[in-house]
Each structure stands twice: as C-alpha cells, then as structure tokens.
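Thanks for making time. I'll walk through one model, piece by piece, and then stop.

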Amino acid sequence: MKSFFAPGRTELAGNHTDHQKGRVLASAVDKGIHAAVEPNFDNVARIRSAGFPDMSINLLDLDVHPEEFGSSEALVRGVAAAMYDIGASFGGFDATLESELSAGSGLSSSAAFAVLMCRIFNGLYNNSELEPQAIARIARQAENLHFGKPCGLMDQLACALGKAVYIDFLTGEITPVNADFSRMGLTLCLTDTGGSHAGLDTSYARIPADMRYIASFFGKELLGEVDPAEFYAKKWNTADRPVRRAKHFFDENAR
C-alpha cells in the first residue's frame, strides 16, 4: 500500500489572468486529498471516497465522454489520456481517498484531484520521474478536455509545486515566494456558503472567451500579449462585459 497526497490551493492575486498569459501569486495550502493506493492488473481505476459513490474507470477507454463533464471520472480518464499522449505509463489501481477539500470551497478541489491522479500514475508506473510542471500540464489537459473546464495553469501548478509561487505565464518565470503567513499573523479562513460550481460551466467559459475577443482587436490571441497602454488608449464602452473583463485583467496584472 502506497500513500499519495495533493494539496489544495489559494489564489493570492491574479484572478483570471493565467489563461491570458498574465501574472499570478498562488499558494498550496496545508489541506488536500490523501490516497492509500495499491496497483492492480485490470487496467481499471477503482476509487472509494467517503461521501461519494464508488468509481470504476476503464483505462482502456481514453476517449472524451461529454456526459462525464464536471465529474471525477472524467479527471481520472483525462489524466490517463494525457499520460498516454506524452508517452508516460499508467495502469490500474485501487484507492481509498480522504479529502479535506469540500466541493466549491475555492481551494481548487478539481485541480488537486487531477494532480493526485497524476501522482498516483507517476508513483506506481513511472518511478516518480515526472517533474511537478509536467504533472501540472497533465492535470490541466485533463480539466480542459475531459472535465470540460477551460481553465489556465495556475491551479494545477500551485497544487503540483506545493508552495507559494509567483508565476508569469507570458515569460514562463516561476519563482518561489518565501511567505511565512503564520509569522505575519495571517490565517486562511474558509466559510461554507453552501455554494457550488455546478451549472457554471458556460458562464466560466465565457470569461476567457470575452478576454480573447478584446485581444483580437489588437491582432493578438490573448490579453497578456497586448500592451496595456494601447488598451487604455481606446475609447471603450465600459458597459460592455468583454471590456470590463479586459480591464479587470490589466488591473489585476498590474496589481
């Protein structure tokens, strides 16, 4: 029996900037998802987690299943598919999970779960040779293609790196941040609002789409490639949602 862990993450600054090649400050937290795992020879991932139905995923079927969008099954299948794409090994396992991350808590439980699945495959079948950045990219692909969430890479990188980091997605710079929050007198407090991400997929997808729409006015694909001075020089109608979202991006990036 082997043990694996993936932490949740908190966003310190840089809201909806990562998918536009912006800058972020993010940090892993000390709560996450624990897994006790044994490999099997069935090419099936069997997962048991308290409070959730048992899962059984056939790893010989790596196709995207639209009916699985938003589900944990999609993330398991998506991680295996991404491992296959890069030539990494994967195989069946039996796992018992214990999560400290409630769904919709804002600690990126989906990214933590995807990173955990990659760590399981990495540890069982790849001698733990995959680096954290590769794990993050695999987890993101699983979320984008199989889970149906058009997210950037911030969540997965923070979970995979397991520390506070500054990331510039335009230049590729990743710098650890020496932040001892307890010595600063800071504590992250969570409030259970009873909210859920369910049903927000379309609204979420509209955010990067709106930002790319504004970037297209400057002949660019993403807002991180646009000169902020050129954006602010135009006379925009701030009643337009895409304009407000673009302004949010530039304000967040500057902050």
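**Cysteines, strands, helices and a pocket**

Cysteine 151 is buried, with a relative accessible area of 4%. Keep in mind that this is a predicted model. Cysteine 159 is buried too, at 0% relative accessibility. So how many disulfides does the structure hold? Zero. Cysteine 151 takes part in none, and its nearest cysteine sulfur, that of cysteine 159, is 11 Å away. The cut-off for a disulfide is 2.5 Å between the sulfurs, so a pair at 11 Å does not count. Seen from the other end, cysteine 159 is in no disulfide either, and the nearest cysteine sulfur to it belongs to cysteine 151.

Now the strands. Start with β2, residues 23–39. Which strands pair with it? Take β1 to begin with, residues 2–13. β1 and β2 run antiparallel, joined by 10 bridges. For a landmark, put phenylalanine 5 on screen: histidine 34 in β2 stands opposite.

Next is β5, residues 93–99. β2 pairs with β5 over seven bridges, again in the antiparallel sense. Here the landmark is isoleucine 33, which stands opposite serine 99 in β5.

Then β6, residues 164–168. Five bridges join β2 and β6, and the two run antiparallel. Two facing pairs help you find the register. Arginine 23 stands opposite aspartate 168. Serine 27 stands opposite alanine 164.

Stay on β6. Is this strand mostly covered or mostly open? Mostly covered: four of its five residues are buried. β6 also pairs with β7, residues 173–176, through four antiparallel bridges. Valine 165 faces proline 176 in β7. The two strands form a hairpin with four residues between them. In that hairpin, glycine 172 takes a positive phi near 85°.

On to the helices. α1 covers residues 72–85, 14 residues in total. From first C-alpha to last, α1 reaches 20 Å, close to the 20 Å expected at 1.5 Å a residue. How much of α1 is buried? 10 of its 14 residues, so I call α1 mostly covered, with buried taken as under 20% relative accessible area. The buried set includes Leu75, Val76, Val79 and Met83. Arg77 is on that list as well. What covers these residues? Among the elements are strands β3 (44–49) and β4 (55–58), and helices α2 (109–125) and α3 (132–147).

Just after α1 comes glycine 87, with a positive phi of about 80°. Glycine 87 sits in the loop between α1 and β5. Buried or exposed? Exposed, at 65% relative accessibility. To place glycine 87 against the hairpin, use valine 165. The two are 78 residues apart in sequence. In space they are 28 Å apart, C-alpha to C-alpha.

Now α2. This helix has 17 residues. α2 reaches 24 Å between its end C-alphas, close to the expected 24 Å at 1.5 Å a residue. α2 is mostly covered, with 14 of its 17 residues buried.

Let's look at the backbone after α2. Asparagine 127 comes just after the helix and takes a positive phi of about 55°. Serine 128 has phi near 60°, a positive value in a residue other than glycine. Where is serine 128? In the loop between α2 and α3.

One more backbone point, elsewhere in the chain. Asparagine 43 is not a glycine, yet its phi is positive, about 55°. Asparagine 43 lies in the loop between β2 and β3. Asparagine 43 is partly exposed, with a relative accessible area of 30%.

Last stop: the second largest pocket. How much space lies in there? About 350 Å³. The lining has 14 residues. Nearest the centre are Val29, Asp30, Phe181, Thr187 and Leu188. Which strand supplies the largest share of the lining? β2, with five residues. β1 and β2 each give at least two residues to the lining.

So back to β2 for a recap. β2 is joined to β1 by 10 bridges, to β5 by seven and to β6 by five. β2 also supplies the largest share of that pocket lining. That's the tour. Questions, please.

Technical notes. Residues are numbered from 1 along each chain as its sequence is written. This is a predicted model: local features need pLDDT of at least 70, side-chain atom pairs count only at pLDDT 80 or more; totals for chains, interfaces and linings use all residues. Side-chain values use heavy atoms; hydrogens and water are left out. Buried means under 20% relative accessible area, exposed over 50%, partly exposed in between (1.4 Å probe, protein chains only). Two strands pair if DSSP finds at least two bridges between them. The expected span of a helix is 1.5 Å times one less than its number of residues. Contact means heavy atoms within 4.5 Å. On a 1 Å grid over the protein atoms alone, a cavity is a set of points where a 1.4 Å probe fits but cannot get out, and a pocket is an open set with protein on both sides within 12 Å along at least five of seven lines; lining residues have an atom within 4 Å of a point. Grid points are joined across faces, edges and corners, and a volume is the space filled by probe spheres set on the points.
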